Structures are given as C-alpha cells and as structure tokens.
Amino acid sequence: KGSTEGGRLTVAAAVFLADYDNLQVQANRSDPTTGVAAFQATNAGSARTQGVELEAMFRPMTHLSVTAGVTYLDPSLDANGLNCPLQNQTAAQLLAPGAAAPVNTCYRIPTNPANPTGPTTALQNVRDGETPATPHWRANLNPRFEYPLFTTLNGFFQVDASYQSEQNFAIEQDPNQLQEAYTIVDASIGLSEINSRYSVTFFVKNLLDKNYYVTSQGSNLLASQLNLVDKYAIRPKNADR
C-alpha cells in the first residue's frame, strides 16, 4: 500500500495464491453390481486460484475523486470422473477393458464391467480446466463529483461501472454454458448535508439495461438426439434497468 504526499493518489496491491486438495465435485460413481449410474458429491479433484488485485483512489481536483480497481484471476481445475457435455456424448470413445482413460476428452466405460458391451456412461477427466463461475478479469471505475451548492448542502453526481470477462458456469467445461463479458453501469445524483448527517439521492441501477445470467444448464430436447441441447439460465432481477 502507498500514497503520495497530500493523499492525492492512494494505491494498494495484493498477490494471492490458493491451492485446494480433495475438491468436492459431482463425479460419476456408478454401482458395478446394479449397473446404476449416479453422480455424487465426491472428493475427486484439486484446484488452484492465483492472481493480482489492484485498487486506487485519485483526486485530480478538489471536488472530484475517482476510485478504481482491477483483479486478474488465473484459476485451474483438475478432476476425474466428471460428466461429459451433452452434445459431446455421442462421439465419446469406448474404452477397452483395462485401458487408461484419456484427459480433456470424453470417453465411455461400461456401466457394468461384467457386461462390457452393455450400457455405457460418458465421462471425462479434466486437467487445467476452468473453475466454474470464475472470470479472469474484474474491474470497476467509480468517479464522484461533489460541489457545495448552499451553505449547508453539497450536490453530488456519481457513476459506478463494473466489468467482468466471460465465464463458464459448468465444471464439465461445456462451451454451451459460457456467459459473455459484460459491464454494469449505475448512476446517482443528489444532495447531502455538509457534515454528511443526511442526504437525498436519485439513482438508476443498470443504466444500460444490460442482460446477464448468474447460472445456466443444458438438457436434451430429444433423448435419441444427444446433439440437440436446450440451454436455460437464471436471470436475476438486477439484469433489468
């Protein structure tokens, strides 16, 4: 952390690294006796999150202040026995008995080892995958202008902009579950008492009326056509102006 003389510029930086072992994921744990395929919460992987975070406040003039921040994340994920994205299941290769499973590609194993030509389950072992709902970049910019209008009142205007890069919602690394990058802009204007004991503010949230989602999933339209996948997502109320 540091600041210039007089406090016109203040800066803070952080570097972080976090490693996780025995990461709990929904992994396939089929019952070889009954032949029932089931995905259960299992200690099946590891993950790493590392990155840099910067924050700053700048006062270029008496009545104007600007705060800003940026975070870069470099997450990675290793996990075995994950489900295969629906649209890739048809092309998944069938493993021979005793064959080693590939990584970062879909494969099939017999649901019941006693019947290797019977029903199969499409799986994948992910290496250096993307952690779900973890954008690589986040940034915010918040300029505020405040000026005395009367003896006891200040007028102010503020804009709050926040950006995040694209992210994938699926631990299965499904490209259909990708959320594109977006920016949300809020704005406010108002009056405040000179000692900040009270204020009145008029504001607008999501000024640009930007649509975004907080999660998404896929499902088969037809059980016989696995490449036909319907995507549905949860859209929060904040995705409206």
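Is D209 buried, partly exposed or exposed? With a relative accessibility of 37%, D209 counts as partly exposed, and we'll come back to this residue in one of the views below. Keep in mind that everything here is a predicted model.

**Figure 1. The whole protein chain, built from strands with zero helices.**
Let's start by stepping back. The protein chain has 16 strands. Its radius of gyration is 25 Å, well over the 18 Å that the globule rule gives for 241 residues, so the chain is more spread out than a compact globule. You can get a feel for that from the C-alpha trace, which spans about 85 × 40 × 25 Å along its principal axes. Of the 241 residues, 30% count as buried. The accessible surface comes to about 14,600 Å², and carbon and sulfur atoms account for 55% of that area. Now take the contacts between residues at least 6 apart in sequence: 56% of them join residues at least 24 apart. As for charge, there are 16 positive and 21 negative side chains, with the centres of the two sets lying 6 Å apart.

**Figure 2. How confident the predictor is along the chain.**
How far can you trust what you see? The mean pLDDT of the protein chain is 89, and 91% of the residues reach 70 or more. Confidence is highest in strand β4, residues 64-73, at a mean of 98. At the other end of the scale sits strand β16, residues 225-234, where the mean is lowest, at 81. A handy habit for any model like this: where pLDDT is low, don't read the predicted coordinates in detail.

**Figure 3. S3, a residue in strand β1.**
Here we zoom in on S3, which lies in the strand made of residues 2-3. S3 counts as exposed because its relative accessibility is 53%. Which residues does S3 contact, once its neighbours within four places in sequence are set aside? They are L9 and T10. A56 is worth finding too: S3 and A56 are 53 residues apart along the chain, yet their C-alpha atoms are separated by 9.3 Å.

**Figure 4. Strand β2, seen through A13 and N22.**
Strand β2 runs over residues 9-28, and this view picks out two of its residues. The first stop is A13, which sits in β2 and counts as exposed at 57% relative accessibility. Leaving out residues up to four places away in sequence, A13 touches E53 and L54. Look for A68 as well: A13 and A68 are 55 residues apart along the chain, and their C-alpha atoms are separated by 12 Å. The next stop is N22, also found in β2. N22 is not a glycine, but it has a positive phi of about 55°. This residue counts as exposed too, with a relative accessibility of 55%.

**Figure 5. D74, in the loop between β4 and β5.**
Next up is a loop residue. D74 is found in the loop that comes before β5, residues 76-83. At 31% relative accessibility, D74 counts as partly exposed. What does D74 touch, not counting residues up to four places away in sequence? The list is R48, T49, Q50 and H136. W137 makes a good landmark here: D74 and W137 are 63 residues apart in sequence, but 9.1 Å apart in space, C-alpha to C-alpha.

**Figure 6. D209, in the loop between β14 and β15.**
Now back to the residue from the opening. D209 lies in the loop that links β14, residues 199-204, with β15, residues 215-222. Like N22, D209 is not a glycine, and its phi is positive, at about 55°. Its relative accessibility of 37% is what makes D209 partly exposed.

**Figure 7. T215, a residue of strand β15.**
The last view moves on from that loop into the strand. T215 is found in β15 and is partly exposed, with a relative accessible area of 28%. Leaving aside its neighbours within four places in sequence, T215 is in contact with F169, A233 and I234. And how many residues separate T215 from P132 along the chain? The two are 83 residues apart, while their C-alpha atoms are separated by 9.6 Å.

Technical notes:
Residues are numbered from 1 along each chain as its sequence is written. This is a predicted model: local features need pLDDT of at least 70, side-chain atom pairs count only at pLDDT 80 or more; totals for chains, interfaces and linings use all residues. Side-chain values use heavy atoms; hydrogens and water are left out. Helices (H or I, at least four residues) and strands (E, at least two) are DSSP runs, numbered from the N terminus. The radius of gyration is taken over C-alpha atoms; the globule rule is 2.2 Å times the number of residues to the power 0.38. Buried means under 20% relative accessible area, exposed over 50%, partly exposed in between (1.4 Å probe, protein chains only). Contact means heavy atoms within 4.5 Å. Accessible areas come from the Shrake-Rupley method with a 1.4 Å probe; for residues, only the protein chains shown count as cover. Lys and Arg count as positive and Asp and Glu as negative; His and the chain ends are not counted. The place of a charge is taken as NZ of Lys, CZ of Arg, CG of Asp or CD of Glu. pLDDT is the predictor's confidence in each residue, from 0 to 100.
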